[in-house]
Amino acid sequence: MTTGRRTLRTLLGVAFCAALASPARAEPEKRALPDYDGRGPNRTTPGRTALWLPRLVLSPFYLVSEYVVRRPLGVAITAAEKAELPRILYDFFAFGPDHKAGIVPIAFIDFGFEPSVGLYAFWDDAGFAGHDLRLHGSTWGKDWLSGTATERFHLPNSLDLTLTATGIHRPDFAFYGIGPDTRESALMRYSADIVDTHAETRLSFASSSALETALGYRGASFGHSRYDHQRSVDDAVADGTVPAPPGFREGYRAGFVRERLTLDSRGRASSQTGLRMDLSGEGGADTKHAPASGWLRYGATVGGFWDLGDSGRVVSLSVSTVLADPIGARPVPFTELVHLGGPEMMPGFRAGRLADRSAAVATLRYAWPIWVWLNGSLQVATGNVFGAHFEGFRAERGRLSTALGIESGGSRDSIFQALVGFGTETFESGAKVDSLRIVVGARSGF
């Protein structure tokens, strides 16, 4: 509502009160109140009536987002704008007359792993229109190095072609064992060198739906970890405490092809109410152990979304299943199994916390706008990993994952995230909280 409309309503209210205080007169004929807002009568609909329950349940999180996050951010951003700080920073980190290129310092902390600092560089329309470049480099000393280079071509007919190369050398990867009943106390570490390079096409259609196809190469080798005085996987294997994870000793080098189909009914309308379905599959052929070696990983997610009052506050419920099968006699490398935890499903667990041949997860999520470029989210998920084709699946072997966080929107290449999450043991073990995950910083969204 504009200031003028607020003033007009105030004046009308004052005049009405003055009329009530004046001596009694013959009552004039009543007339309908003009529709100053142009919104029409305030009708009570079944949808509006049904909102009281989610509003009541989610009110604590609204209060946190409103008074702990959004309003303090609003005060800080307003003060920064008055001081022209955003413009100063924007001009400093972005180059060129249209600010289509720039370099930004980044940092990322995921408690339980070594932190990292680095640089994110971008160049839109590099050399010609529709050609974008992205570089993302991070480090925490000579034993922690990561870099990603992306080149993207925006082609006609809503088609994108993306070329991506990633290299990672880290000493702090976590391994807890394989199966649904692993414990937090079983944590071990390993180092890894990973290379991933691929070409990917993305064809967008029907507004929010898309078909993605990727062809590439991925190689990995694993070794001893000296991280934080915690036990290394190779030491545990050497003394017979645990069997060697599949592929740990020899690593792998594999070509792969990946497909993903997303069907989304929501389109680009203002309302986010609708349905979404994701179907994905990846096949990898390990050339290091040819001819009969590799994996096939495939899954599906179906979700429904309800935009409460078309306000951007969205409640969603989704169900996901993922499976991994070996190609040939050799087992699936342990890093190519189905994993839960980290930035994807069940984020209350650390990355690598749960691994096996299949997984089933149900997630209830509430997302709401905090500021122009920040969104809040609260999610509760239940599920777990299981054996081949859900072998050993029982509802009581599920776990709970809860997470509350904020995340930036608008860029798929680099994402700011702050999150606090918790994970539990299985229900049949008492569902006690045994996992805490805290994340702050900018991560790659390549």
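About 24,400 Å² of the chain is exposed, and carbon and sulfur atoms supply 63% of that area. Keep in mind that this is a predicted model. Of the chain's 446 residues, 39% count as buried. Five helices and 19 strands make up its secondary structure elements. Among contacts with a separation of 6 or more, 56% are between residues 24 or more positions apart.

Let's stay on the surface for a moment. Ile-109, Phe-111, Phe-416 and Val-440 make a nonpolar patch there, about 330 Å² in area. Take Phe-416 from that group: you'll find it in strand β18, which covers residues 414-424. Phe-416 has a relative accessible area of 33%, so it counts as partly exposed.

Now for the charges. Side chains of opposite charge can pair when their charged atoms come close. Here the count comes to 28 salt bridges. One of them joins Glu-425 and Arg-183, with 3.0 Å from N to O. Glu-425 sits in the loop between β18 and β19, while Arg-183 is in the loop between β6 and β7, so this bridge ties together parts that are 242 residues apart in sequence. The two partners are not covered alike: Glu-425 is buried at 10% relative accessible area, whereas Arg-183 is partly exposed at 39%.

The loop between β18 and β19 has another bridge to show you. Glu-428 pairs with Arg-397, and their closest N and O atoms are 3.9 Å apart. Since Arg-397 lies in the loop between β16 and β17 and Glu-428 in the one between β18 and β19, the pair ties together parts 31 residues apart in sequence. Arg-397 is buried, at 12% relative accessibility, and Glu-428 is partly exposed, at 41%.

Next, look for Arg-218 and Glu-282, which meet in a salt bridge of 3.1 Å, N to O. This one runs between two strands, with Arg-218 in β8 and Glu-282 in β10, 64 residues apart. Both of these residues are buried. They also belong to a network of salt bridges that share partners, made up of Asp-196, Glu-200, Arg-218, Arg-258, Glu-282, Arg-297 and Glu-336.

On to the rings. A pair of aromatic rings is described by the distance of the centres and the angle of the planes. The whole structure holds 13 aromatic pairs. In one of them, Phe-128 and Phe-153 have ring centres 6.5 Å apart and planes at 20°, so the pair is stacked. Phe-128 lies in the loop between β3 and β4, and Phe-153 is in strand β5, 25 residues away in sequence. With a relative accessible area of 44%, Phe-128 is partly exposed.

Phe-222 and Phe-334 give you a tilted pair, at 4.9 Å centre to centre with 55° between the planes. Because Phe-222 is in strand β8 and Phe-334 in the loop between β12 and β13, they tie together parts 112 residues apart in sequence. Phe-222 is buried at 13% relative accessibility, and Phe-334 is buried too, at 3%. Both are members of one aromatic cluster, alongside Phe-173, Phe-175, Tyr-190 and Phe-248.

Charges and rings come together as well. The charged end of Arg-170 sits over the ring of Phe-173, 5.3 Å from its centre, and that Phe-173 is part of the aromatic cluster. Elsewhere, Arg-353 places its charged end over the ring of Tyr-176, 4.7 Å from the ring's centre.

Note on methods. Residues are numbered from 1 along each chain as its sequence is written. This is a predicted model: local features need pLDDT of at least 70, side-chain atom pairs count only at pLDDT 80 or more; totals for chains, interfaces and linings use all residues. Side-chain values use heavy atoms; hydrogens and water are left out. Patches are made of residues with over 30% relative accessible area and no salt bridge: like charges are joined within 9 Å, nonpolar side chains (Val, Leu, Ile, Met, Phe, Trp, Tyr) within 5 Å. Accessible areas come from the Shrake-Rupley method with a 1.4 Å probe; for residues, only the protein chains shown count as cover. A salt bridge is a side-chain nitrogen of Lys or Arg within 4 Å of a carboxyl oxygen of Asp or Glu. Helices (H or I, at least four residues) and strands (E, at least two) are DSSP runs, numbered from the N terminus. Buried means under 20% relative accessible area, exposed over 50%, partly exposed in between (1.4 Å probe, protein chains only). Contact means heavy atoms within 4.5 Å. Rings of Phe, Tyr and Trp (its six-membered ring) pair if their centres lie within 6.5 Å; planes under 30 degrees apart count as stacked, over 60 as edge-to-face and the rest as tilted. A charge sits over a ring if NZ of Lys or CZ of Arg is within 6 Å of the ring centre and within 35 degrees of the ring normal.
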